[in-house]
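Student: I have a new model open and would like to go through it with you. Could we take it one question at a time?

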Amino acid sequence: SDDDGVTSRLHRSVSTFATSAALFAAVLASPINIQINNPITPNNEISLLTISPSQAYALSENQQFVADVWFAVTAQFFDPTYNGLGEDGWRLKEKEAIAAVADTGPDDEELVTKAISNMLSALNDPYTRFLPREKYEALTAYATGGSYGGG
C-alpha cells in the first residue's frame, strides 16, 4: 500500500539522519581525521573515505602554559608584523616552544621558562620578556613597597 511506502521512506530518512548525526558527533568528539575522497582513484578503485589518526592531541599543562603566554603576547604586541616574523613565523615559534616542552613535567619549570624565553627572543623586542615566578614576585613586591622573602 501507499502508506507502507511512505512509512518505509520515512523510516529510511530518520535512520539516515540518526546515522549522520551519530557520525558527526563521533567526528567532533574523537581524535581521528575523516577525509572525503574523489570516488574514483587513479587506479579506478573506489575510495569514498579515508580515516586516519588525528595529529591533534591534548596539550600538557606546560604546553598549555606556553600557548597561553603566546596568546597573551600576540594580543598585546604592538607590531602587527611581529618584528618581521609575520603571523606564520610567529605561530611557528609557538609550535616550536610547545614541542620543546612536550616531555616536561611539573618540576621542569626551568625548561619551560627557557622555551618561552626562546620563543619571545625571536621578537627581538627588549620590552617583551618572560619573568619566572620568583622574579615576578620579587618585582611586584618591590614595586608595591612590600618585602620579598625569596629565601
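Tutor: Happily! Let's begin with a pair of charged residues: Glu96 forms a salt bridge with Lys93, their closest N and O atoms being 3.4 Å apart. A salt bridge here is a side-chain nitrogen of Lys or Arg within 4 Å of a carboxyl oxygen of Asp or Glu. Please keep in mind that this is a predicted model, where local features need pLDDT of at least 70, side-chain atom pairs count only at pLDDT 80 or more, and totals for chains, interfaces and linings use all residues. Residues are numbered from 1 along each chain as its sequence is written, and side-chain values use heavy atoms, leaving out hydrogens and water.

Student: In which helix do Glu96 and Lys93 both lie?

Tutor: Helices (H or I, at least four residues) and strands (E, at least two) are DSSP runs, numbered from the N terminus. An α-helix has 3.6 residues a turn, so residues three or four places apart point the same way. Glu96 and Lys93 are three residues apart, about one turn, and both belong to helix H3, residues 86-100.

Student: How many salt bridges does a search of the whole structure find?

Tutor: Besides the pair in H3, Glu109 forms a salt bridge with Arg133, with the closest N and O atoms 3.8 Å apart. Glu109 lies in helix H4 (residues 109-121) and Arg133 in helix H5 (residues 133-143), so this pair ties together parts that are 24 residues apart in sequence. The search of the whole structure gives a total of two.

Student: Is Arg133 buried or exposed?

Tutor: Buried means under 20% relative accessible area, exposed over 50%, and partly exposed in between (1.4 Å probe, protein chains only). Its partner Glu109 is partly exposed at 37%. Arg133 has a relative accessible area of 53%, and that value makes Arg133 exposed.

Student: What pattern does the protein chain follow along the sequence?

Tutor: The protein chain has five helices and two strands. Read along the sequence, the pattern is α-β-β-α-α-α-α.

Student: Which helices each supply at least two residues of the largest nonpolar core?

Tutor: A nonpolar core is a set of buried Ala, Val, Leu, Ile, Met, Phe, Trp, Tyr and Cys residues joined through side-chain atoms within 4.5 Å. Of the 18 residues in the largest one, Val66, Val73, Trp90, Ile116, Met119, Leu120 and Leu123 touch the most other members. The helices that each supply at least two residues of this core are H2 (61-76), H3 and H4.

Student: How wide an arc do the buried residues of H2 cover around the axis?

Tutor: In H2, Asn62, Gln63, Val66, Ala67, Val69, Trp70 and Val73 are buried, and what covers the buried residues includes H3 and H4. On the other side of H2, Glu61, Phe71, Ala75 and Gln76 are exposed. The arc is that of the directions from the helix axis to the C-beta atoms. The buried residues of H2 lie on the same side of the helix because they cover an arc of only 160°.

Student: Which residue in the loop between H2 and H3 has a positive phi although it is not a glycine?

Tutor: The residue is buried, with a relative accessible area of 10%. Its phi is about 55°. The residue in that loop between H2 and H3 is Tyr82.

Methods
Contact means heavy atoms within 4.5 Å.
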